[in-house]
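Okay, thanks for coming, everyone. Let me put the structure up, and then we'll walk through one helix and the ligand.

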Amino acid sequence: MRRVYLDNSATTPVLPEVLQAMLPYFGEHFGNASSIHHHGQDTRAAVERAREAVAKLLGCRPAEIVLTSGGTEADNLAIFGLVRPGDHVITSTIEHHAVLNSCKQLQQRGVEVTYVGVDGRCLVDPDDVHRALRPNTKLVTIMMANNETGVIQPVEEIGKISSEADLYFHTDAVQAASKVPIRVKEIGCDLLSISGHKFHAPQGVGALYVRKGTLLEPLFYGGSHERSRRAGTENVPGIVGLGKAAELAVKGLENGDDREMAALRDRLESAILDQVESAGVNGAGAPRVPSTTNIHFDYIEGEALVIALDLKGLAVSTGAACSSGAIEPSHVLTAMGLPPERARASLRFSLGKQNTADDVHLAIQLVPASVERLRELSPLYNKASEVHS
Ligand SMILES: Cc1ncc(COP(=O)(O)O)c(C=O)c1O
């Protein structure tokens, strides 16, 4: 059976060039990057080259990059590195759990947190951020692109509000990196998280941009790695992979790969909507990353559709990978005002660099038929169609 993977927001396959770049660092180049002999210098140079590539992707200096084990650690380092009991934090209701659960933990530690909502298009209103400011606000943490809908937040406006109020702004750009150009100075952020496995590097490696002069308390203690901001021997093969993927992402954005991907995504979206009634895009009308579309198919259970499509060879998801299998409807879709049934009837399709027009063609063939089959079994749908006929 031909298998097509359209769940690249959950994770992406490592690209062959990335794997090739990494392989020598599992063998021949094995040194500890802190060792002063040849073997250590060799891997140190590789780590620093990767740091430069990541800095280029984000438009910052290499010294402002802290290499981490992924997006979750980068988010945690930004948040717990800055905030202390008595501080106030502003975040949004649509953040990834890496930020939301960190904020919940802060509340247990005597930190006040304001969760600003979103509108029906999944957009935070910067005025709401402004209104939430307090004298003790220390940090605003609002994501750049949402992982379920792909909606891009007005981070530049939020950055401006934060800098005028003289407080720190962190943005989780895990779902934005490689899909849209990122210039940290233009965003006006002090901290920005990325994760390698969302853009064709391996799982378990990421980075936090830390603006020069931002003092962070480390999450863990040990050696003086990463300028004492992140102790622990570096994951050299992973970091080399992250660097290569960052380099490819820069090239891709220069070549307009993002526009090509958006065209494929738009074709998928419009072909599905043309063929399936009572369906619609969650986040329509808002700026979105080119890779993602989140569609509700009323009268079905999203999980059932994921399984039906998987049996036909198409991998998609109902939203965040870590919440799949949970009975609760998506916190993002419900924050947008979707009723729970519609949130549960929603599917996320997300493209990666490896996907082709043929992949999209297969999805266009499979989705409408699978939705129809599930609706035939749905008493709710049959009742609704009786009313309409
Ligand atoms: C927006 C966002 N932030 C953070 C993370 C966590 O990143 P990682 O899987 O590298 O820990 C994810 C992963 O799904 C994400 O989508």
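Quick bit of vocabulary to start: helices are DSSP runs of H or I with at least four residues, strands are E runs of at least two, and both are numbered from the N terminus. The expected span of a helix is 1.5 Å times one less than its number of residues.

Now the small print. This is a predicted model, where local features need pLDDT of at least 70 and side-chain atom pairs count only at pLDDT 80 or more, while totals for chains, interfaces and linings use all residues. Residues are numbered from 1 along each chain as its sequence is written, and side-chain values use heavy atoms, with hydrogens and water left out.

So, α3: twelve residues, reaching 17 Å from first C-alpha to last, close to the 16 Å expected. Eleven of those twelve are buried, so α3 is largely enclosed by the rest of the structure. (Buried is under 20% relative accessible area, with a 1.4 Å probe and protein chains only.) The buried ones include Gly71, Asn76 and Phe80. They pack against several elements, among them β2, α4 and β5; contact there means heavy atoms within 4.5 Å.

Which helix gives the most to the shell around the ligand? That's α3, with three residues. In total 13 residues surround the ligand, meaning a heavy atom within 4 Å; Gly71 and Thr72 are among the closest.

Last, some polar pairs, that is, N or O atoms within 3.5 Å. A polar side-chain atom of Thr72 sits 2.6 Å from a ligand oxygen. The side chain of Asp172 has an N or O atom 2.6 Å from a ligand nitrogen.

Note on methods. A polar contact is a pair of N or O atoms within 3.5 Å; within protein, one must be able to donate a hydrogen and the other to accept it, and residues adjacent in sequence count only if both atoms are side-chain atoms. Buried means under 20% relative accessible area, exposed over 50%, partly exposed in between (1.4 Å probe, protein chains only).
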